[in-house]
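Trainee: Please take me closely through one part of this protein. Pick a buried ring and build outwards from there.

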Amino acid sequence: MRKQIFILLVIAVFFACGKKENNANKPPQSFSVSVSEVKPTSAQLNWTAAKDPENQSVTYAVEVKGQIVATGLSATNYKLDNLTENTAYTGKVIAKDAAGLSTESSFTFSTVNSPAPSAFTVTLSKATYKSIDLIWNASTLPDNGIVTYDVFVNNVL
């Protein structure tokens, strides 16, 4: 009888320990990252929310080329600025719960070359011995960006 009680006690302890393992805190669930609006010096990261199994709050960090560029984010997007034109980038978004457990999702993209403005024509409309008036038709960019102009006279701005 003592042997049976001992065996039952061992089985009960085993199952009790097993329940604690099943209730262990788990990291946030997996999520996906996408990259949009890639320009010569910027890109937009967007990701799906990483749900935490224990309903703890989740914050995000962004890593680019092995360097953390943002931490403590609650939003599911981040704009990368000051990138180098025509360059390949790799990185990851890290979702972390309140217990410090984390899940990562990677991304890759390449920045594009700066588009060249369209050709334009400059015309001398009026000239005096002290000044000249120039007229030119507007130049445009493929992405409808703003075109600025510099005027040089004898190689001087």
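Mentor: Start with F107. This is a predicted model, and in it F107 counts as buried because its relative accessible area is 4%, under the 20% cut-off. Now look for rings that pair up. The structure holds six aromatic pairs. One of them joins F107 to F109: the ring centres are 6.2 Å apart and the planes meet at 25°, so this pair is stacked. The label follows from the angle, because planes under 30 degrees apart count as stacked. F109 is buried too, with a relative accessibility of 9%.

Set a second pair beside that one. The rings of W136 and Y149 have centres 5.2 Å apart and planes at 45°, so they are tilted rather than stacked. This pair links distant parts of the chain. W136 sits in strand β9, Y149 sits in the segment after β9, and 13 residues separate them in sequence. Check their cover as well. W136 is partly exposed at 31%. Y149 is partly exposed at 29%. Rings also gather in a cluster, where ring pairs link F31, W47 and Y60.

Go back to F107 and ask what touches the ring. Which residue in strand β3 has F107 among its contacts? The residue is E63, which is in contact with F107. Leave aside its neighbours within four places in sequence, and the other contacts of E63 are I68, T90, G91, K92 and I94. E63 belongs to strand β3. Is E63 buried or exposed? E63 is buried, because its relative accessibility of 17% falls under the 20% cut-off.

One of those contacts deserves a longer look. E63 forms a salt bridge with K92, and the closest N and O atoms are 4.0 Å apart. E63 lies in strand β3 (residues 58–64) and K92 in strand β6 (residues 88–97), so the bridge ties together parts that are 29 residues apart in sequence.

K92 has another partner. Its side chain also meets that of E104 in a salt bridge, at 3.2 Å from N to O. This pair, too, links distant parts of the chain, with E104 in strand β7 (residues 102–110) and K92 in strand β6, 12 residues apart. Put the two bridges together, and E63, K92 and E104 are joined into one network by the partners they share. How covered are the two acids? E63 is buried, but E104 is partly exposed, with a relative accessible area of 47%.

How many salt bridges does a search of the whole structure find? The search finds three. You have met two of these, so here is the other pair. K79 forms a salt bridge with D81, with the closest N and O atoms 3.8 Å apart. K79 is partly exposed at 46%. D81 is partly exposed at 44%. Lysine can also meet a ring in this model. K65 lies over the face of Y89, at 4.7 Å from the ring centre.

Now return to W136, this time on the surface. W136 helps to make a nonpolar patch of about 670 Å². The other members are F120, V122, L124, I132, L134, V151 and V153. Two strands, β8 (122–127) and β9 (132–136), each supply at least two of the patch residues. L124, for one, has its place in β8. Which strand gives the most to the patch? Strand β9 does, with three residues.

Last, step back to the whole protein. It has one helix and nine strands. Read along the sequence, the pattern is α-β-β-β-β-β-β-β-β-β. Of the 157 residues, 24% count as buried, and F107, where we began, is buried. Contacts between residues far apart in sequence can be counted too. Take those between residues at least 6 apart: 54% of them join residues at least 24 apart. Finally, the accessible surface comes to about 11400 Å². Carbon and sulfur atoms account for 55% of that surface.

Terms used. Residues numbered from 1 in each chain as written. Predicted model: local features only at pLDDT ≥ 70, side-chain atom pairs only at ≥ 80, totals over all residues. Heavy atoms only, no water. Helix = DSSP H or I, 4+ residues; strand = E, 2+ residues; numbered from the N terminus. Buried < 20%, exposed > 50% of the residue type's maximum accessible area, 1.4 Å probe, protein only. Contact = heavy atoms within 4.5 Å. Patch = residues over 30% accessible without salt bridge, like charges linked within 9 Å, V, L, I, M, F, W, Y side chains within 5 Å. Areas by Shrake-Rupley, 256 points an atom, 1.4 Å probe, with all protein chains shown as cover. Phe/Tyr/Trp six-rings, centres within 6.5 Å; stacked < 30°, edge-to-face > 60°. Lys NZ or Arg CZ within 6 Å of the ring centre and 35° of its normal.
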